[in-house]
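Okay, thanks everyone, I'll keep this short. Let me put the structure up so we can all look at it together.

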Amino acid sequence: TKIWTSPVYEWLIFWPTQSKLYLLSKPSGLASGMLLALDPQSGGSTLVLRDIPGLTALINPARPEVLYSVSGESGISLFLRSTATGAETSIDTTTLPEKCTWNKGGDRFYCGIPKSIPTGTYPDAWYQGVISFEDEVWSIGLSGESDRILDVSEKRGLPMDIINPKLSPDEKFMVFVDKESGTVWSLQMKE
C-alpha cells in the first residue's frame with residue numbers, strides 16, 4: 001500500500017521504532033537538506049529539520065531526539081534537537097552522526113571523533129574518499145559530559161576512520177567498520 005510520495009529522490013530511510021520512520025534527503029555540503037518524520041500507518045509526515053547545509057542525522061531510538069550535523073566549506077557542527085519540543089543544543093565536539101551510535105537508554109552516544117578535520121566541503125569530501133579521518137572513540141552524555149575511551153588509530157598502529165558503529169545488546173562491545181579498509185572491528189567497552 002502506498003502511504004506517501006515525494007518529488008524528491010534518493011531519501012535515506014531510518015526506522016528506529018515500529019511507529020515512526022524518518023526520511024533524510026541525500027546529504028551534500030553544497031545543498032540544504034531536510035529530515036521528515038513519517039507515520040507508517042497513516043502516511044502523515046512532519047518536517048523535523050530543513051534548510052540545513054550538509055545535513056546528516058542519527059535518530060535516537062529511545063527518546064524523541066535527533067543528533068545532526070551542519071556542514072559545508074567552513075567545517076562541521078554537531079547539534080541535538082528534541083523532536084517533541086524543538087529545543088536544540090550545540091554539542092561541543094566535531095564529527096558526523098554516521099560515526100556515532102546511541103546506547104539503549106538513549107541518554108548517551110558513542111562516536112568516532114576525528115583528531116583533526118582538514119579543510120573541505122563536508123560531508124561530500126569524506127563520502128567521496130578525498131579526505132579520511134583518524135578517529136578516537138568518545139562517549140558523550142546528554143548533559144554535556146564526555147569521556148575519551150580510546151585512540152583506535154594509536155591502538156591499531158594505523159589510522160582508522162570509523163563508520164556504522166553499533167553497541168552490543170549488553171553494551172560491552174562496540175562493533176564498527178573502518179571506512180578505509182572496509183574491515184569490521186570490535187572494541188571492548190566494559191569489563
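I'll go through a sheet, then two pockets, then a pair of hairpins.

Before anything else, keep in mind that this is a predicted model.

So, the sheet. It's an open one, four strands in the order 1-2-3-4, with antiparallel pairing. Strand 1, residues 11-17, and strand 4, residues 45-53, are at the edges, and each has a single partner strand, so one side of each has no neighbour in the sheet. Going from one strand to the next, the twist averages 15 degrees. In the middle of that order, strand 2 (20-25) and strand 3 (32-38) run antiparallel and share four bridges. If you want a spot to click on, Leu 21 sits opposite Leu 38 of strand 3.

Now the pockets. How much volume does the largest pocket have? About 270 Å³. It has 15 lining residues, and the ones closest to the centre are Leu 12, Phe 14, Ala 57, Glu 98 and Asn 164. Strand 1 comes back here: together with strand 5 (56-59) and strand 13 (162-167), it's among the strands that each put at least two residues into that lining. By class, you get ten nonpolar, two polar and three charged residues.

The second largest pocket holds about 220 Å³ of space. This one is lined by 18 residues, with Lys 20, Tyr 22, Ala 37, Pro 64 and Thr 83 nearest the centre. Strands 1, 2, 4 and 7, the last being 75-82, each give at least two residues to the lining. Which strand gives the most? That's strand 4, with three residues. The lining here splits into eight nonpolar, six polar and four charged.

Last stop, the hairpins. Strand 13, which we just met at the largest pocket, pairs antiparallel with strand 14 (173-178) over four bridges. Leu 167 faces Met 174 across that pairing. Five residues separate the two strands in the hairpin, and in the turn Glu 171 has a positive phi of about 60 degrees.

Then strand 14 carries on to strand 15 (184-188), again antiparallel, with five bridges joining them. Here Phe 173 stands opposite Gln 188. This hairpin also has five residues between its strands, and Gly 182 takes a positive phi near 80 degrees.

So, to wrap up: strand 1 is an edge of the open sheet and also helps line the largest pocket and the second largest one. Happy to take questions.

Definitions and conventions: Residues numbered from 1 in each chain as written. Predicted model: local features only at pLDDT ≥ 70, side-chain atom pairs only at ≥ 80, totals over all residues. Heavy atoms only, no water. Pairing = 2+ DSSP bridges. Axes fitted to C-alpha atoms, helices over the stretch in contact; angles between N-to-C directions. 1 Å grid on protein atoms, 1.4 Å probe; cavity = no way out; pocket = protein on both sides within 12 Å on 5 of 7 lines; lining within 4 Å. Points joined across faces, edges and corners; volume = space filled by probe spheres on them. Nonpolar A, V, L, I, M, F, W, Y, C, P; charged D, E, K, R; others polar.
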